[in-house]
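Reader: I should like to learn how to read several local features of a model. May we take them one at a time?

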Amino acid sequence: MQRKVFKFLAFHSVLSLICFAVFLFYNKNSSSGCQTEGNKKSQLPGNTTEPLQTTRTAEVHQNSTAGTLGPCPDTPPDLVGPLHVEFDTKRTLDRVREQVGSFLQLGGRFKPPNCVSKQKVAIIIPFRNRYEHLSHWLYYLHPILMRQQVDYGVYVINQDGEGLFNKAKLMNAGHVEALKEYDYDCFVFADVDMIPLDDQNLYRCFDSPRHLAVAVDKFNFHLPYNNLFGGVISLSKDQFLKVNGFSNTFWGWGGEDDDLYNRVMIRLKSISRPDSMIGRYKMIKHNRDLHNEVNPQNPYKVRETIHTFKTDGLNSLKYTVKEVKKDRLFTFISVDVHVPPG
């Protein structure tokens, strides 16, 4: 009887040791597997308060058997809604490069890693001597655009020299130059001092030209007038061609956005807007730039759009590219817009 008990206990002791060894082996492999999977994930920036925290949008699954990527969903899964935006922090281009540059291709290009974006979007920023504003814009907008799963490139179109500023002509030039690099089908024209306060305000194109900057803090988050079509707008390639782009004749400040609104209503009949909560923006306060003073002639030109839009625009555009620089955060194109004498 004692021998049977001894054999029984010995058997169970051996069995327990075997089970314990199997458990240790499995636990080691499991731990190692988790570590490897973690190395396969790339994290993109994004949060409501700091735009450089983790989001699952960036998780790239290195599975060779997965086949081609599917289309991105209509509603990006990692949007966070209302954002905290402030301009008191001192930001430099070098610092922003450190924070978001690793997620970008040279020239400020980005493609979502886990799906195929339905649109290819060129962001066009008319520019001169606004580097502090540009640092803020890049700091906030790159993470927003990544979370929106946009296949995009950022083009800063700089007016060479100190002559009278022509914002509209710069945007026309940006459209032409961007198309030399990639088959963009959507164009967002964005002022460098306008930062969205909600990442649900999608930087993409719609059935009608889109006015994105609906409610700006400068105007107490109200639309100043119904025909406003400036600040940040989007038009598809086809829409922009149908209206012949912007006028090239609006020198100095004011009028070019109202003229574009007229062109859109003449040729396309309507615009669209997000609601006034999603379409909220914060503007960077600043003094008016030198050589961009209000031009008293511009309001009169707006009244003539019906007579001028067919011959004044993309089909009459003349400029000279002086320099193209590829930064990690953007493509910088300096152009001579042929400022008229006097």
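Author: Let us begin with strand pairing. In this predicted model, β7 and strand β9 (residues 280-283) run parallel and are joined by two bridges. Two strands count as paired if at least two bridges are found between them, so β7 and β9 are a pair.

Reader: Which residue of β9 stands opposite Ala-215?

Author: Arg-280 in β9 stands opposite Ala-215.

Reader: What is the strand order of the open sheet?

Author: The order is β5-β9-β7, an open sheet of three strands with mixed pairing. Its edge strands are β5 (194-196) and β7, each of which pairs on one side only.

Reader: Let us turn to helices. How many Å should the 13 residues of helix α4 span?

Author: The expected span is 1.5 Å times one less than the number of residues. For helix α4 (residues 167-179), with its 13 residues, this gives 18 Å. The end C-alpha atoms of α4 are 19 Å apart, which agrees with that expectation.

Reader: Is α4 mostly covered or mostly uncovered?

Author: A residue is called buried if its relative accessible area is under 20%. By that criterion α4 is mostly covered, with eleven of its 13 residues buried. Among them are Leu-170, Met-171, Ala-173 and His-175, as well as residues such as Lys-167, Lys-169 and Glu-177.

Reader: His-175 lies in helix α4. Why does His-175 count as buried, and with which residues is it in contact beyond its neighbours within four places in sequence?

Author: His-175 counts as buried because its relative accessibility is 3%. Leaving aside those sequence neighbours, His-175 is in contact with Ile-124, Phe-187, Phe-240, Leu-241 and Leu-314.

Reader: My last topic is the backbone. What sign of phi do most residues other than glycine have?

Author: Most residues other than glycine have a negative phi, so a positive value in such a residue merits a remark. Asn-220 provides one case, with phi near 55°. Asn-220 lies in the loop between β7 (215-216) and β8 (232-236).

Reader: Is Asn-220 buried or exposed?

Author: Asn-220 counts as exposed because its relative accessibility is 59%, and the cut-off for exposed is over 50%.

Reader: What is the phi of His-338, and where is His-338 placed?

Author: His-338 has a positive phi of about 60° although it is not a glycine. Its place is in the segment after β11 (331-336). With a relative accessible area of 36%, His-338 is partly exposed.

Technical notes: Residues numbered from 1 in each chain as written. Predicted model: local features only at pLDDT ≥ 70, side-chain atom pairs only at ≥ 80, totals over all residues. Heavy atoms only, no water. Helix = DSSP H or I, 4+ residues; strand = E, 2+ residues; numbered from the N terminus. Buried < 20%, exposed > 50% of the residue type's maximum accessible area, 1.4 Å probe, protein only. Contact = heavy atoms within 4.5 Å.
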